[in-house]
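Welcome, and thanks for opening the viewer. Let's take a short walk together, one selection at a time.

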Amino acid sequence: MESSNNMGDMPVFYVGQHESKRSVPVSEHVLQQAQDCNYDMLTTPITTSHFHSRVLTLLSSYQAEIEAGTPGSDLPMPLLLAVTSPWIDLASPDPVIASLSLQVFNQEIAYAAFCGVGNVIIQGPSLHSIYSGQGLPQYARAIQEALDVGPYLNLQVLLPMTGDPSWDDSSAVMGHLGPFARSEYLQVGAEEQRHEEKPTLSLPRHLPAVSLQSRWCSEPLRLLVLPGSSFLENKLGYPVLSKPNQAFIARCMRLKTPPWLLLSDVGPIPGLNDPDSLVPVADGYLSASAAADAGDIQSPSPTPAEAGRQQHQKHTSKIKNDPTPHLSYIRYLQRNQPPKSLIERFGSGYQDYLQSPLQPLTDNLESITYEVFEKDPIKYEWYERAIAHALRDWKAQDKSASSTSGAVVVAVVGAGRGPLVTRTLRASETTGVAIEAWAVEKNPNAYVLLQRHNEDTWKRQVTVVKSDMRAWKGPHREDGTYGKVDILVSELLGSFADNELSPECLDGVQHVLNPEHGISIPSSYTAHLTPIAAPRLHTDIIHRLPSDPQAFDLPYVVMLHAIDFLSTKAAPPAPPQDLSQQTKSRRKTCPPLTTRNNLSRMSSRPGNSRIRFPRNPRAIAPPPRGQRRRRRWGSDRRGWRERAQCALLADAVPVPAQWGKVELSTNPVTMESKSKDMISWFPIFFPLKTPMYLPDGAEVEVSMWRQTDDRKVWYEWLVEAFVELGGRRVRLGISEMHSSKKSGCLM
Ligand SMILES: C[S@@+](CC[C@H](N)C(=O)[O-])C[C@H]1O[C@@H](n2cnc3c(N)ncnc32)[C@H](O)[C@@H]1O
């Protein structure tokens with residue numbers, strides 16, 4: 001499809017067409033017509049209506065036989081030589097219906113596999129079986145069996161977006177086997193509920209709460225079904241989607257693997273009866289009025305009669321010239337997606353991509369890695385501001401400097417290829433405060449570049465030292481003594497504040513700091529932690545297990561994307577921090593936390609931390625070093641009676657560094673306001689081998705240890721879940737103890 005936009009920066013929509021009662025077999029001609037209309041995919045039923053009638057006849061004669069006499073347990077089940085459809089009920093509590101459905105299903109799968117079909121869409125379990133749990137295991141078993149029958153098939157299970165039957169827009173499938181289940185197998189109340197069950201699933205006309213939408217975005221969503229009933233009509237009678245539905249689609253389309261869109265029951269493929277007719281291509285170029293939002297999005301979903309009337313009106317309205325108005329609208333949405341942001345463009349290859357944390361202390365980074373760091377459009381700018389701020393303060397407060405010349409001594413420790421040195425020199429120039437600049441780097445290859453920069457760019461204003469900062473004695477003076485440093489600039493903040501071992505490194509260089517006025521930039525930093533659901537990441541790690549049995553015992557650096565925050569309750573504001581205290585110590589224990597997203601702060605000090613995620617978040621003072629800290633969080637109430645999928649413990653960190661008023665943050669709650677577009681750090685993700693299921697409102701308690709021995713540093717983590725029952729706190733589950741000792745960071 002041509003476009004005036006740069007399509008490389010736009011999400012791509014793959015749109016298919018589905019007719020639940022497709023009468024015409026999908027021939028080459030049909031495919032050709034669909035392609036001409038600008039559809040990317042087409043569904044084809046594996047069964048025919050003739051087959052469906054045969055199964056129903058078979059079932060009724062079998063049931064008549066049962067009524068006529070008592071069937072022996074050895075009576076053979078109806079034998080089927082057939083294929084399947086959405087009218088089977090794999091999760092039926094009635095063994096006859098379940099068995100019949102399974103036979104039909106297996107035939108369908110086997111035939112699809114034989115035909116070499118790649119993707120099979122399977123009706124999910126009914127809402128009743130989801131709610132009651134009845135039949136779900138046998139449904140899961142059937143899917144497992146299907147995977148064995150067709151190991152190369154992609155099975156796509158259709159599920160309702162919400163468990164509330166009022167959201168469910170679909171009409172009951174004629175001849176569905178479910179209602180034939182015998183009453184003795186149904187749980188009390190199930191019969192009454194069953195008429196509400198809608199065996200199709202789709203984007204409802206009115207979306208559920210944002211928290212539930214987020215949950216779906218964290219799932220491996222492959223297909224988004226847009227039934228005709230999810231569309232509204234605007235003033236001109238054109239089908240359009242409500243604003244929330246547009247927003248949800250836009251959000252899904254920005255996922256690393258965006259789902260395909262399936263337009264369901266929005267009319268037939270046009271022009272099939274007239275091979276010579278010219279079918280207009282749905283290219284998405286709609287007039288503003290044709291694509292204008294509908295005014296009344298509160299109107300209920302149409303009844304079948306309403307839907308029929310609407311269908312009729314469509315044919316008589318202005319849109320009759322567009323035989324595929326729904327497709328035209330979706331293509332219009334595609335054309336009008338906002339271009340990708342800076343972070344989306346930079347991070348497109350990194351989204352949900354698990355990486356082992358770098359170890360810049362043991363490994364010598366390559367030039368290309370430094371190059372990636374240096375692409376950050378914010379970090380270096382903010383450092384320069386902070387350094388300028390510190391220099392101005394120095395002058396304003398008339399503090400004595402550590403150099404013999406009176407210049408303020410600034411040392412960049414861990415200088416890499418030198419971007420912070422350049423920024424330091426620039427800050428000195430703009431503030432007019434003279435400095436004596438030092439650059440310390442242990443990577444011998446980066447050291448070569450630093451020397452070259454000093455010759456070519458910095459006009460020999462910098463003294464470059466090749467040394468581990470822990471072994472550096474400070475600025476070497478002509479008389480053979482070692483001086484002190486006034487401002488120590490470092491950038492050793494890993495994803496969890498210290499996976500680059502900044503505590504160890506910075507502890508080892510503290511002795512060079514001017515004891516009276518010396519300051520560190522950053523002056524402090526804080527790690528945050530929050531429980532998340534990340535089913536895609538979990539699956540990814542499972543796939544690594546055959547080649548890496550320790551795959552669950554490793555924290556991963558990852559640009560989190562398709563995840564869901566499990567606790568998003570508001571918490572009381574944090575008490576003010578004493579920044580003057582923080583200027584001397586770069587690692588204050590964290591203040592009590594509280595943010596909109598309940599990200600819990602952790603100190604990056606070595607030692608143990610125990611964090612609970614409370615039902616009603618409370619501020620809790622940090623404990624003395626080495627002791628446990630307790631915090632709790634509650635999982636959100638989502639109005640979804642099922643349990644939350646899994647509580648993978650979580651990252652997060654963003655390590656906000658703070659100098660004066662300058663802060664960097666990768667905390668999702670504050671990053672926009674503090675350092676929008678910063679791309680330097682991704683969070684770290686602590687996986688759980690066995691995901692924990694959390695009912696609404698459960699409490700998650702996290703214990704985390706930062707362990708060290710003489711050689712390395714590693715983490716250990718464990719998660720517990722609790723619920724309150726009759727006023728008592730009951731443990732629901734506990735994870736394995738995970739430990740990254742085997743792949744710890746070498747000191
Ligand atoms: C994350 S990189 C930052 C580099 C540079 N400041 C930048 O922003 O591009 C950290 C640097 O610190 C260096 N480094 C790490 N530990 C060190 C240590 N103990 N002594 C000296 N340099 C160290 C690494 O070699 C690496 O060049």
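At what angle do helix α13 and α14 pack, and how far apart are their axes? Select residues 379-396 for α13 and 419-431 for α14, keeping in mind that this is a predicted model. The two helices pack at about 45 degrees, and their axes lie 8 Å apart. An angle of about 45 degrees makes α13 and α14 oblique to each other, because it falls outside the ranges for roughly parallel, antiparallel or perpendicular. Turn the view and you can follow α13 as it passes α14 in a right-handed crossing.

Now show the side chains where these helices meet. On α13, pick out Tyr380, Tyr383, Glu384, Ile387, Ala388, Leu391 and Arg392. Facing them on α14, the contact residues include Pro419, Leu420, Arg423, Ala427 and Thr431. Colour the contact by class and you get eight nonpolar, four polar and four charged residues.

Next stop: the ligand. Of the 22 residues around the ligand, select Gly414, Gly416, Lys442, Asn443 and Met469, which come nearest. Helix α14 returns here, since the elements giving two or more residues to this shell are α12 (367-374), α14 and β10 (435-441). The biggest share comes from α12, with three residues. By class, the shell has 13 nonpolar, three polar and six charged residues.

Finally, zoom out and colour by domain: domain 1 (15-44 + 206-338), domain 2 (48-81 + 87-199), domain 3 (367-491) and domain 4 (527-746). Look at where domain 1 touches domain 4: eleven residues come from domain 1 and 14 from domain 4. The domain 1 side of this contact has five nonpolar, three polar and three charged residues.

Key: Residues are numbered from 1 along each chain as its sequence is written. This is a predicted model: local features need pLDDT of at least 70, side-chain atom pairs count only at pLDDT 80 or more; totals for chains, interfaces and linings use all residues. A residue is near a molecule or strand if its C-beta atom, placed from the backbone, lies within 6 Å of it. Helices (H or I, at least four residues) and strands (E, at least two) are DSSP runs, numbered from the N terminus. Ala, Val, Leu, Ile, Met, Phe, Trp, Tyr, Cys and Pro count as nonpolar, Asp, Glu, Lys and Arg as charged, and the others, Gly among them, as polar. Domain bounds come from an automatic or database domain assignment. Two residues are in contact if their C-beta atoms, placed from the backbone, lie within 7 Å. Axes are lines fitted to C-alpha atoms, for helices over the stretch in contact, and angles run from 0 to 180 degrees between N-to-C directions. Angles under 35 degrees count as roughly parallel, over 145 as roughly antiparallel, 65 to 115 as roughly perpendicular and the rest as oblique. A crossing is left-handed if the near helix is turned anticlockwise from the far one by less than a right angle, and right-handed if clockwise.
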